[in-house]
Amino acid sequence: MSETDSIEAASRRLTLALEALDEAAERRREADRGVEALANQVHALDSDRSRLAGDLDQAAARSRALETANRDVAQRIDQAIETIRGMLESGG
């Protein structure tokens with residue numbers, strides 16, 4: 001093998017190695033973009049979870065307030081019924 005042939009063979013190997021390195025770098029960039037997209041999705045989901053947790057807390061507080069109001073109204077209705085019964089039994 002002549003010196004020129006050796007240089008050409010080395011040059012081809014170097015070109016192939018550089019192409020392989022470029023392909024590997026592109027795959028890495030794609031993987032990094034995928035990781036960044038996943039991180040953005042996780043952040044969005046975390047924000048949604050926080051918002052939903054706040055909404056749930058508000059709904060639970062409203063539910064408790066409505067239950068309290070419902071009990072109060074039920075007690076007032078019972079008292080009114082008893083008053084009316086008492087009035088009917090006493091003759092007016």
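## Charges and overall form

Let's start with the charges: the protein chain carries 13 positive and 19 negative ones, and the mean positions of these two sets are 5 Å apart. Please keep in mind that this is a predicted model.

What does the secondary structure of the protein chain come to? The answer is one helix and zero strands. The C-alpha trace spans about 130 × 15 × 10 Å along its principal axes. The radius of gyration tells a related story: the protein chain has 39 Å, while a compact globule of 92 residues would have a value near 12 Å.

## Burial and surface

How much of the protein chain counts as buried? Of its 92 residues, 1% do. The area that the protein chain exposes is about 8,200 Å², and carbon and sulfur atoms supply 57% of that area.

One part of this surface is a nonpolar patch of about 310 Å², made by Leu 14, Leu 18 and Leu 21. Of these residues, Leu 18 is found in helix α1. The relative accessible area of Leu 18 is 48%, so this leucine is partly exposed; the exposed class begins over 50%.

## Salt bridges along the helix

How many salt bridges does the structure hold? There are eight, and three pairs among them deserve a closer look. Helix α1, which covers residues 3-89, is the setting for the pair Asp 32 and Arg 28. Their side chains meet in a salt bridge with an N to O distance of 3.0 Å. Why are these two separated by about one helical turn? Because they are four residues apart in helix α1. The two partners fall into separate exposure classes: Asp 32 counts as partly exposed at 39% relative accessibility, whereas Arg 28 is exposed, with a relative accessible area of 55%.

Further along comes the pair Arg 76 and Asp 72, whose side chains meet in a salt bridge at 3.3 Å, N to O. These residues are also four apart in helix α1, so about one helical turn separates them. Arg 76 is exposed, at a relative accessible area of 55%, and Asp 72 counts as partly exposed, at 33% relative accessibility.

## Asp 48 and its partner

Asp 48 lies in helix α1, and its side chain meets that of Arg 51 in a salt bridge of 3.9 Å, N to O. The cut-off for such a contact is within 4 Å, so this pair qualifies. Asp 48 and Arg 51 are three residues apart in helix α1, which means that about one helical turn separates them.

Are these two partners buried, partly exposed or exposed? Asp 48 has 35% relative accessibility and counts as partly exposed. Arg 51 is partly exposed too, with a relative accessible area of 45%.

Asp 48 also offers a handy reference point for distances along the chain. From Asp 48 to Ala 74 there are 26 residues in sequence, and their C-alpha atoms are 38 Å apart in space.

## A linked network

Not every salt bridge has to be read as an isolated pair. Which residues are linked in a network of salt bridges? They are Glu 26, Arg 29 and Arg 33.

## Putting it together

To recap, the picture is of a protein chain with one helix and zero strands, a C-alpha trace spanning about 130 × 15 × 10 Å and 1% of residues counted as buried. Eight salt bridges are present in the structure, and Leu 14, Leu 18 and Leu 21 make a nonpolar patch on the surface.

Terms used
Residues are numbered from 1 along each chain as its sequence is written. This is a predicted model: local features need pLDDT of at least 70, side-chain atom pairs count only at pLDDT 80 or more; totals for chains, interfaces and linings use all residues. Side-chain values use heavy atoms; hydrogens and water are left out. The radius of gyration is taken over C-alpha atoms; the globule rule is 2.2 Å times the number of residues to the power 0.38. Buried means under 20% relative accessible area, exposed over 50%, partly exposed in between (1.4 Å probe, protein chains only). Accessible areas come from the Shrake-Rupley method with a 1.4 Å probe; for residues, only the protein chains shown count as cover. Lys and Arg count as positive and Asp and Glu as negative; His and the chain ends are not counted. The place of a charge is taken as NZ of Lys, CZ of Arg, CG of Asp or CD of Glu. Patches are made of residues with over 30% relative accessible area and no salt bridge: like charges are joined within 9 Å, nonpolar side chains (Val, Leu, Ile, Met, Phe, Trp, Tyr) within 5 Å.
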